[in-house]
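User: I should like to learn how to read side-chain features in a structural model. Please take me through them one at a time.

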Amino acid sequence: MDDRYYGDSQPFPVTTETPPEHFKYLTNKQALADIPFFAQNFTYGGHEDVDLTPSGSPWVMVGGSYPGMRAAFTRNEYPETIFAAYASSAPVQARVDMSIYFDQVYDGMVANGYLNCTKDIKAAMEYIDGELGKNATAAAAIKQQFFGKGAETNNHGDFTAALAGIFGYWQSFGLGGGDGSLESFCEHLETDPKTRTPAGPEGFAPSRGKEWVANQFASWPVFVELINFNYDTNCGQLNRSLPLSCVLNPKATDVDNISWTWQFCTEWGYFQSNNFGPHSLLSRYQSLDYIQSTCNRQFPEAVKQGVLPRTPNADATNEETGGWTIRPSNVYWSGGQFDPWRTLSPLATESIAPQGVRFTTEIPQCNVETDEKTLFGYIMDNAEHCFDFNPDFELGKISRGYFHEALKAWLPCFKRQGSAPV
């Protein structure tokens, strides 16, 4: 989930200079409270004779990712405004430690035949971490090897955050997605550059060593180009018409990113740190402390004034919203099997989530909440983030169909103010 799912409206002009006292209004509770006001005052040209307020027309809220959260939360908090909701890939549980994000990536890679790639990524990261921890000279050299001159000025956290860019398109595209995709990277990493023979199931590291795999990692042809595109940098001075610039993982400067950063740094958490252990895919420098430091770097004045919490207030957020246990009536939940964000939705099946929840596509009665052990929802096999909104994805059509049938069952019980059910 990123700013692409955040939206285009903000309650005030947001810049890198926005004073902290203004940000106190940028909360989940305040954002939800805007919706009833909007709905009550909504008009549509050419339909002046129709009561389009929630009293006269059933409002149905559909969203994926952060908008999916808002759809469920709004139905829960303002059922008189939102009659029904479709919550796709909606991580309603706030959690600081979201290292499980990369467990989902690992599981998806293995399920799709790339166990060798996960093993070599882990081996390469171990070698890189060793070089970073050796001395300043070795650290500068490994940074330049990956991203060219200028990369050595970045701290270890920012550098290794850029290395995690190989996973940048996972949630939107899974393994596929073109030259910059994880599939493209793995094909490069797991193919001998001289003989063009593929690696075995254990990867190249056991026979050729961690350094060889790290070198192969660094030689991925599109990597620097990908980093420059994502970070708006000019590492390696690929664009000769512009000066060298290689500031990795810089402060956010656009409205959407600044706004979303404030919310996850204060309320949601979602710190996608390394999934330490046998399935690790990142550097050890991708820690919770490092990610918190990026929050502090983004909002230094808020730190000085004590407005930014020392760590996101995830527990308080869950107490306010219900988190995993939220069960508003007339809500359908959808998610992908390998979507990293499903782990914080009510469709979570991982050990960190409530156990024993039964997922069902049997339509609940209108305006009747299910108990916490029952959820009206569907998990799409071998799918990632918001795949149900892809019109060509077959399981997405199935998922949307469940909501369509639910709406047909629920809409007859909508009551216009002062009238019988529709």
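**Reading side chains**

Analyst: Let us begin with exposure in this predicted model. Phe173 has a relative accessibility of 46%, so it counts as partly exposed. Tyr169, at 25%, is likewise partly exposed.

User: What is the geometry of the aromatic pair that Tyr169 and Phe173 form?

Analyst: The planes of Tyr169 and Phe173 stand at 75° to each other, with 6.0 Å centre to centre, and the pair is edge-to-face. A second case is Phe376 with Trp410: their ring centres are 5.9 Å apart and their planes lie at 75°, so this pair is also edge-to-face. Here the partners come from distant parts of the chain, since Phe376 belongs to strand 7 (residues 374–380) and Trp410 to helix 17 (residues 394–410), 34 residues apart. Both Phe376 and Trp410 are buried.

User: How many aromatic pairs does the structure hold, and which residues form one aromatic cluster?

Analyst: There are 37 aromatic pairs in the structure. One cluster is made up of Tyr66, Phe73, Tyr101, Phe102, Phe167, Trp260, Phe264, Trp268, Tyr270, Phe271 and Trp341. A ring may also have a charge over its face: Arg208 lies over Trp212, 4.8 Å from the ring centre.

User: How should salt bridges be read, and how many does a search of the whole structure find?

Analyst: The general idea is that side chains of opposite charge can pair when their charged atoms come close. In this structure the search finds nine salt bridges. One of them joins Lys119 to Glu202, with the closest N and O atoms 3.5 Å apart. Lys119 is in helix 5 (residues 115–134), whereas Glu202 is in the loop between helix 9 (182–189) and helix 10 (205–208), so the bridge ties together parts 83 residues apart in sequence. Lys119 is partly exposed at 31% relative accessibility, and Glu202 is partly exposed at 42%.

User: Why are Lys134 and Glu131 separated by about one helical turn?

Analyst: An α-helix has 3.6 residues a turn, so residues three or four places apart point the same way. Lys134 and Glu131 are about one helical turn apart because three residues separate their positions in helix 5. Their salt bridge has its closest N and O atoms 2.8 Å apart. The partners differ in exposure: Lys134 is exposed, with a relative accessible area of 52%, while Glu131 is buried, with 13%.

Helix 17 offers a parallel case, in which Lys397 and Glu394 are three residues apart and therefore separated by about one helical turn. The closest N and O atoms of that salt bridge lie 3.1 Å apart, and Lys397 is partly exposed at 38% relative accessibility. Salt bridges can also form a network, as they do in linking Lys122, Glu126 and Lys210.

User: Which side chain of opposite charge is nearest to Arg75, and is Arg75 buried or exposed?

Analyst: Arg75 is buried yet has no salt bridge, and the nearest side chain of opposite charge, Glu369, is 7.3 Å away. Arg75 lies in helix 3 (residues 66–77). Its side chain has a polar atom 2.9 Å from the backbone oxygen of Ile82 and reaches the backbone oxygen of Phe83 at 3.2 Å. Beyond its neighbours in sequence, Arg75 touches residues including Pro328, Asn330 and Asn367.

User: Finally, which residues of helix 14 are buried, and what covers them?

Analyst: In helix 14 (residues 288–298), the buried residues are Tyr290, Ile291, Gln292, Thr294, Cys295 and Gln298. Their cover includes helix 7 (156–163), helix 13 (255–268), strand 4 (269–271) and helix 15 (300–304).

Technical notes
Residues numbered from 1 in each chain as written. Predicted model: local features only at pLDDT ≥ 70, side-chain atom pairs only at ≥ 80, totals over all residues. Heavy atoms only, no water. Helix = DSSP H or I, 4+ residues; strand = E, 2+ residues; numbered from the N terminus. Buried < 20%, exposed > 50% of the residue type's maximum accessible area, 1.4 Å probe, protein only. Lys, Arg positive; Asp, Glu negative; His and termini not counted. Salt bridge = Lys/Arg side-chain N within 4 Å of Asp/Glu carboxyl O. Polar contact = N/O pair within 3.5 Å; in protein donor to acceptor, adjacent residues only side chain to side chain. Contact = heavy atoms within 4.5 Å. Phe/Tyr/Trp six-rings, centres within 6.5 Å; stacked < 30°, edge-to-face > 60°. Lys NZ or Arg CZ within 6 Å of the ring centre and 35° of its normal.
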